[in-house]
Amino acid sequence: MIYTVKRIDEDIDYGCEERSEDVPVMAVVTLTNSLGEELVVKAEDAKLYECNINEGDKVSIDANNKLEKSY
């Protein structure tokens with residue numbers, strides 16, 4: 001299924017503790033499908049930059065539950 005990236009926010013919810021150095025910085029990504037339904041997923045922030053995924057882009061979720069840009 002193809003989704004549109006509606007919003008990308010930094011994931012700042014680490015509970016009572018701070019993010020440890022060995023844990024990657026995560027982003028909360030809000031997606032919408034063709035029916036207008038929303039899906040919220042977490043993705044590594046660095047991977048979003050690496051794949052050049054931005055708000056408004058079309059993406060899909062691969063077999064490993066990772067976002068990949070659709071062209």
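1. Let's start with the open space in this model. The largest pocket holds about 170 Å³ of space. Please keep in mind from here on that the model is predicted. The elements that give two or more residues to the lining of this pocket are strand 3 (38-44) and helix 1 (45-50). Strand 3 gives the most, with three residues.

2. Now look at the residues around that pocket. Its lining is made of M26, K42, A43, E44, K47, L48, C51, I53, N65, K66 and L67. Sorted by character, the lining has six nonpolar residues, one polar residue and four charged residues. You may like to find N65 in the viewer now, as N65 is among these lining residues and comes back in point 8.

3. Next, the overall layout. How many helices and strands does the chain have? There are one helix and five strands. Reading from the N terminus, the order of the elements is β-β-β-α-β-β. Of the 71 residues in the chain, 27% are buried. The accessible surface of the chain is about 5,300 Å², and carbon and sulfur atoms account for 48% of that surface. If you count the contacts in the chain with a separation of 6 or more, 42% of them are between residues 24 or more positions apart.

4. D57 is a good residue to follow in detail. D57 sits in the loop between helix 1 and strand 4 (58-61). Is D57 buried or exposed? D57 counts as buried because its relative accessibility is 16%, and the cut-off for buried is under 20%. The side chain of D57 reaches the backbone nitrogen of N54 at 2.7 Å. A polar contact of 3.3 Å also links the side chain of D57 to the side chain of K69. Setting aside residues up to four places away in sequence, D57 touches Y3, T4, V5, N52 and K69.

5. That brings us to the partner, K69. K69 belongs to strand 5. K69 is described as partly exposed because its relative accessible area is 21%, and partly exposed covers the range between the buried cut-off of 20% and the exposed cut-off of 50%. Besides the 3.3 Å polar contact with the side chain of D57, the side chain of K69 reaches the backbone oxygen of N52 at 2.8 Å. K69 and N52 are 17 residues apart in sequence, and their C-alpha atoms are 7.8 Å apart in space. Not counting residues up to four places away in sequence, K69 touches C51, N52, I53, D57, K58 and V59.

6. K58 follows D57 in the numbering, and its place is in strand 4. With a relative accessible area of 43%, K58 is partly exposed. Which residue's side chain makes a polar contact of 2.7 Å with the side chain of K58? The partner is T4. K58 and V5 make a nice example of residues brought together from far along the chain: they are 53 residues apart, while their C-alpha atoms are separated by 6.4 Å. Leaving out neighbours within four places in sequence, K58 is in contact with I2, Y3, T4, E68, K69 and S70.

7. Another loop residue worth a look is N33. N33 lies in the loop between strand 2 (26-32) and strand 3. At 12% relative accessibility, N33 counts as buried. The side chain of N33 reaches the backbone nitrogen of L35 at 2.9 Å. Apart from neighbours within four places in sequence, N33 is in contact with M1, I2 and Y3.

8. Finally, a point about backbone angles. Most residues other than glycine have a negative phi. Which phi value does N52 have? The phi of N52 is near 55°, which is positive in a residue other than glycine. N52 is in the loop between helix 1 and strand 4, and N52 is partly exposed at 44% relative accessible area. N65 also has a positive phi, near 60°, and is a residue other than glycine. N65 is found in the loop between strand 4 and strand 5 (67-69). With a relative accessible area of 64%, N65 is exposed.

Notes: Residues numbered from 1 in each chain as written. Predicted model: local features only at pLDDT ≥ 70, side-chain atom pairs only at ≥ 80, totals over all residues. Heavy atoms only, no water. 1 Å grid on protein atoms, 1.4 Å probe; cavity = no way out; pocket = protein on both sides within 12 Å on 5 of 7 lines; lining within 4 Å. Points joined across faces, edges and corners; volume = space filled by probe spheres on them. Helix = DSSP H or I, 4+ residues; strand = E, 2+ residues; numbered from the N terminus. Nonpolar A, V, L, I, M, F, W, Y, C, P; charged D, E, K, R; others polar. Buried < 20%, exposed > 50% of the residue type's maximum accessible area, 1.4 Å probe, protein only. Polar contact = N/O pair within 3.5 Å; in protein donor to acceptor, adjacent residues only side chain to side chain. Contact = heavy atoms within 4.5 Å. Areas by Shrake-Rupley, 256 points an atom, 1.4 Å probe, with all protein chains shown as cover.
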